[in-house]
Amino acid sequence: NGEEEAAASEGGDGGEAGAEAGSKKEKRKRQFELFTSCEPCAMCLGATLWSGVSRMVCGATKDDAQSIGFDEGPVFEESYKHLERMGCKVTRNIMREEAASVLRRYGNSGLIYNR
């Protein structure tokens, strides 16, 4: 199967044990980056952790999203600290004003899901 081939190509023995070890090792090597216009809601924050994202960069804040009517759910500072402890580097407020401006424009004409 594909996992065995990947393990074999990385110097594994190609057997079941080699495929499993190669697969786990490969997953740890992967680096996924998430760039988002706004800090994530509670559901997306959990998905960020579960999906193995190693770096997340956010523009606008939860407060910016809530100011136009989105309800972002229970996301706390501790939520971001937990991501960091789990190996996901978090950078927030990148180009915040520009990102918040996009949200405000959307709030004037777009559909807010919970209104």
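**Cysteines, a three-stranded sheet and helix α6**

The sulfur of Cys88 lies 8.8 Å from the closest cysteine sulfur, that of Cys58, which is too far for a bond. This is a predicted model. Its disulfide count is zero. Its three strands make an open, parallel sheet, and the buried residues of helix α6 pack against β1, β2 and α4.

**Cysteines**

- A disulfide requires two cysteine sulfur atoms within 2.5 Å. By that rule, the model has zero disulfides.
- Cys44 is in no disulfide. Its nearest cysteine sulfur belongs to Cys41 and is 3.7 Å away.
- Cys44 has 38% relative accessibility, so this residue counts as partly exposed.
- Cys88 is buried, with a relative accessible area of 3%.

**The sheet**

- Three strands form the open sheet, in the order β1-β2-β3. The pairing is parallel.
- β1 and β3 (residues 89–91) are the edge strands. Each of them pairs on one side only.
- Neighbouring strands are turned by 10 degrees against each other on average, with direction ignored.
- Six bridges join β1 and β2 in the parallel sense.
- Phe32 stands opposite Val53, a residue of β2.

**Helix α5 on the sheet**

- Helix α5 covers residues 77–85.
- This helix lies across β2 and β3. It runs at about 140 degrees to β3.

**Helix α6**

- Helix α6 takes in residues 96–109, 14 residues in total.
- At 1.5 Å a residue, α6 should span 20 Å. Its end C-alpha atoms are 20 Å apart, which agrees with that expectation.
- Which residues of α6 are buried? They are Ala99, Ala100, Leu103 and Gly107.
- Seen down the axis of α6, the buried residues fall within an arc of 95 degrees, so they line one face of the helix.
- What do the buried residues of α6 pack against? Their partners are β1 (32–38), β2 (53–60) and α4 (62–67).
- Glu97, Arg105, Asn108 and Ser109 are exposed, on the other side of α6.

Conventions: Residues are numbered from 1 along each chain as its sequence is written. This is a predicted model: local features need pLDDT of at least 70, side-chain atom pairs count only at pLDDT 80 or more; totals for chains, interfaces and linings use all residues. Side-chain values use heavy atoms; hydrogens and water are left out. Helices (H or I, at least four residues) and strands (E, at least two) are DSSP runs, numbered from the N terminus. The expected span of a helix is 1.5 Å times one less than its number of residues. Buried means under 20% relative accessible area, exposed over 50%, partly exposed in between (1.4 Å probe, protein chains only). The arc is that of the directions from the helix axis to the C-beta atoms. Contact means heavy atoms within 4.5 Å. Two strands pair if DSSP finds at least two bridges between them. Axes are lines fitted to C-alpha atoms, for helices over the stretch in contact, and angles run from 0 to 180 degrees between N-to-C directions.
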